[in-house]
Amino acid sequence: MVAGGWAGNFDCSKCGRKRLEASAFSKKMIEKRTKDPEASLRCKSCIEEASQKERDQAAERAAARAAGADDAGSSGNADKAAYTCAACEQELGAASFSAKQLAKGATKQRCRSCVEVAEAAEAGAGEARRVARLAEAAESLRAAEAVGDKAAVLAASSRVAAIEAEGVTGLRPVVLGRGRRGGRAGRGAGRIGGRT
């Protein structure tokens with residue numbers, strides 16, 4: 001079963017693409033749609049494009065500040081201070097860090113390029129995990145079919161369907177209880193005069 005053949009029920013308000021799967025949106029956007037069905041959503045690629053544009057503008061502003069500090073002489077000592085990136089361990093100027101990263105302190109601050117690399121890796125890792133889980137479930141389905149155990153085939157088919165549905169709808173499957181077997185002993189159980 002190929003998840004690429006599915007059509008979702010989500011539209012991006014920014015780029016105008018229609019019928020996208022939930023996997024094209026962040027978890028926060030899916031939660032927003034769950035709370036408000038009329039909420040406008042932006043897909044991951046539109047959000048990444050906007051954040052890249054924002055990072056580029058911030059880098060331009062930082063470069064302009066650094067150029068202004070060079071012209072002003074010694075008034076720009078704060079921008080000339082060297083900060084160490086916790087990820088790549090390079091000493092860089094303040095222009096290479098966002099204000100939010102500098103506020104984290106020397107042990108946790110990361111430069112802009114390291115933050116971009118980490119965000120890109122995190123975005124790809126979620127989809128890779130889902131694809132790996134789907135491949136594992138499909139393999140267990142093939143193994144169950146080879147053995148011929150109908151209960152195992154049903155369980156494996158359900159798992160494959162749940163993983164595919166999660167990619168389309170963005171909703172995780174809910175595992176229900178085992179029914180009334182382990183609970184009450186039947187009608188009237190626990191009441192005075194009832195069965196014990």
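**Exercise 1.** Which element gives the most to the lining of the largest pocket, and with how many residues?

*Solution.* The model is predicted.

- Step 1. Establish the pocket. The largest pocket holds about 1200 Å³ of space, and 26 residues line it.
- Step 2. List the candidate elements. Two or more lining residues come from each of α1 (27-35), α2 (44-72), α5 (112-147) and α6 (150-169).
- Step 3. Identify the main contributor. With 8 residues, α5 gives the most to this lining.
- Step 4. Locate the centre. Phe25, Ser26, Lys27, Lys28 and Lys44 are the lining residues that lie nearest the centre of the largest pocket.
- Step 5. Classify the lining of the largest pocket. The classes are 13 charged, 7 polar and 6 nonpolar residues.

**Exercise 2.** Determine which element supplies the largest share of the lining of the second largest pocket, and describe that lining by class.

*Solution.*

- Step 1. The second largest pocket contains about 610 Å³ of space and has a lining of 20 residues.
- Step 2. At least two lining residues are supplied by each of α2, α4 (99-103) and α5.
- Step 3. The largest share belongs to α2, which provides 6 residues.
- Step 4. Nearest the centre of the second largest pocket lie Glu54, Arg55, Ser98, Lys100 and Arg112.
- Step 5. By class, the lining of the second largest pocket comprises 10 charged, 7 nonpolar and 3 polar residues.

**Exercise 3.** Explain why Cys85 and Cys88 do not count as a disulfide.

*Solution.*

- Step 1. Recall the chemistry. A disulfide covalently joins the sulfur atoms of two cysteines.
- Step 2. State the cut-off. The two sulfur atoms must lie within 2.5 Å.
- Step 3. Apply the cut-off. The cysteine sulfur closest to that of Cys85 belongs to Cys88 and is 3.5 Å away, so the distance is too great for a bond. Starting from Cys88, the closest cysteine sulfur is that of Cys85, again at 3.5 Å and too far.
- Step 4. Compare the surroundings. Cys85 is buried, with a relative accessible area of 0%, whereas Cys88 is partly exposed at 31%.
- Step 5. Conclude. The structure holds 0 disulfides.

**Exercise 4.** Summarise the secondary structure, burial and contacts of the protein.

*Solution.*

- Step 1. The protein has 6 helices and 2 strands, and their order from the N terminus is α-α-α-β-β-α-α-α.
- Step 2. Of the 196 residues, 21% are buried.
- Step 3. Among contacts with a separation of 6 or more, 36% join residues 24 or more positions apart.
- Step 4. The protein exposes about 13900 Å², of which carbon and sulfur atoms supply 55%.

Methods
Residues numbered from 1 in each chain as written. Predicted model: local features only at pLDDT ≥ 70, side-chain atom pairs only at ≥ 80, totals over all residues. Heavy atoms only, no water. Buried < 20%, exposed > 50% of the residue type's maximum accessible area, 1.4 Å probe, protein only. 1 Å grid on protein atoms, 1.4 Å probe; cavity = no way out; pocket = protein on both sides within 12 Å on 5 of 7 lines; lining within 4 Å. Points joined across faces, edges and corners; volume = space filled by probe spheres on them. Helix = DSSP H or I, 4+ residues; strand = E, 2+ residues; numbered from the N terminus. Nonpolar A, V, L, I, M, F, W, Y, C, P; charged D, E, K, R; others polar. Contact = heavy atoms within 4.5 Å. Areas by Shrake-Rupley, 256 points an atom, 1.4 Å probe, with all protein chains shown as cover.
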